[in-house]
Amino acid sequence: MSEQRPRIVPTPDQQVELLGEVAFPDEWADAVVRTSGGSPELEESTRRIAGYTTEDWRQIVDHQR
């Protein structure tokens with residue numbers, strides 16, 4: 001991912017640990033930036049998500065199952 005795009009998914013190591021070999025296409029982040037880039041909501045969400053731990057992501061994944 002480029003430095004300009006917000007990181008709104010687990011890190012690659014977290015992805016493998018939590019989901020196995022699943023890829024999150026860069027196009028997904030591109031679409032978010034295209035539709036919401038620069039919005040206060042996206043900036044706040046990106047700020048919060050950047051601090052998520054592996055345990056936070058585990059709880060999110062478990063909740064979705």
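**Entry: the outward face of α3**

I started with the side of α3 that points away from its buried residues, and found Pro 40, Glu 41, Glu 43 and Arg 47 exposed there. I should jot down that this is a predicted model, and everything below is read from it.

Which residues of α3 are buried? I get Leu 42, Thr 46 and Ile 49, in a helix that runs over residues 40-50. These sit on the same side of α3, because they cover an arc of only 70° around the axis. I then looked up what lies over them, and the cover includes α2 (26-36) and α4 (54-64).

**Entry: Ile 49**

I took one of those buried residues by itself. Ile 49 belongs to helix α3. Is Ile 49 buried or exposed by the numbers? Its relative accessibility comes to 15%, and the cut-off for buried is under 20%, so Ile 49 counts as buried.

I also checked a distance to Pro 10. Along the sequence, Ile 49 and Pro 10 are 39 residues apart, yet their C-alpha atoms lie 8.7 Å from each other in space.

**Entry: salt bridges within α3**

I ran the salt-bridge search over the whole structure and it came back with 4. Two that I looked at involve Glu 44.

What does Glu 44 pair with? One partner is Arg 47, with the side chains meeting at 2.7 Å, N to O. Both residues are in α3, 3 residues apart, or about one turn of the helix. Another partner is Arg 48, at 3.6 Å, N to O. That pair is also inside α3, with a spacing of 4 residues, again about one turn.

I wanted the accessibility of each of these side chains. Glu 44 is partly exposed at 34% relative accessibility, and Arg 48 is partly exposed too, at 42%. Arg 47 reaches 53% and counts as exposed, since the cut-off for exposed is over 50%. That fits my first note, where Arg 47 turned up on the face of α3 turned away from the buried side.

**Entry: helix α1**

Next I moved to α1. Its buried residues are Gln 14, Gln 15 and Leu 18. Looking down the axis of α1, I see them fall within an arc of 105°, so they line one face of the helix. On the other side of α1, Pro 12 and Asp 13 are exposed. The cover over the buried residues of α1 includes α4, and α4 was also part of the cover for α3.

What happens just after α1? Gly 20 sits there with a positive phi of about 85°.

**Entry: the α1 to α4 link**

Back to the salt bridges. Arg 58 and Glu 17 meet side chain to side chain at 3.0 Å, N to O. This one links distant parts of the chain: Arg 58 is in α4 and Glu 17 in α1, with their positions 41 residues apart in sequence.

How accessible are the two? Arg 58 is partly exposed, with a relative accessible area of 29%. Glu 17 is partly exposed as well, at 49%, and the cut-off for exposed is over 50%, so Glu 17 stays in the partly exposed class.

I followed the pair a step further and found Glu 55 as well: Glu 17, Glu 55 and Arg 58 are linked in a network of salt bridges.

**Entry: the whole chain**

After the details I pulled the totals. The chain has 4 helices and 0 strands, and read along the sequence it goes α-α-α-α. Of its 65 residues, 22% are buried. The exposed area is about 4900 Å², with 51% of it from carbon and sulfur atoms.

How much of the contact set joins residues at least 24 apart? Taking contacts between residues at least 6 apart in sequence, I get 68%. The α1 to α4 salt bridge, Arg 58 with Glu 17, is one link between distant parts of the chain.

**Entry: confidence**

Last, I checked how far to trust each part. The mean pLDDT is 78, and 85% of the residues reach 70 or more. Where is confidence lowest, and where highest? Helix α1 (residues 12-19) has the lowest mean, 79, while α3 has the highest, 87. My notes on the faces of α3 thus concern the helix with the highest confidence.

Key
Residues numbered from 1 in each chain as written. Predicted model: local features only at pLDDT ≥ 70, side-chain atom pairs only at ≥ 80, totals over all residues. Heavy atoms only, no water. Helix = DSSP H or I, 4+ residues; strand = E, 2+ residues; numbered from the N terminus. Buried < 20%, exposed > 50% of the residue type's maximum accessible area, 1.4 Å probe, protein only. Contact = heavy atoms within 4.5 Å. Areas by Shrake-Rupley, 256 points an atom, 1.4 Å probe, with all protein chains shown as cover. Arc of directions from axis to C-beta. pLDDT = per-residue confidence, 0-100.
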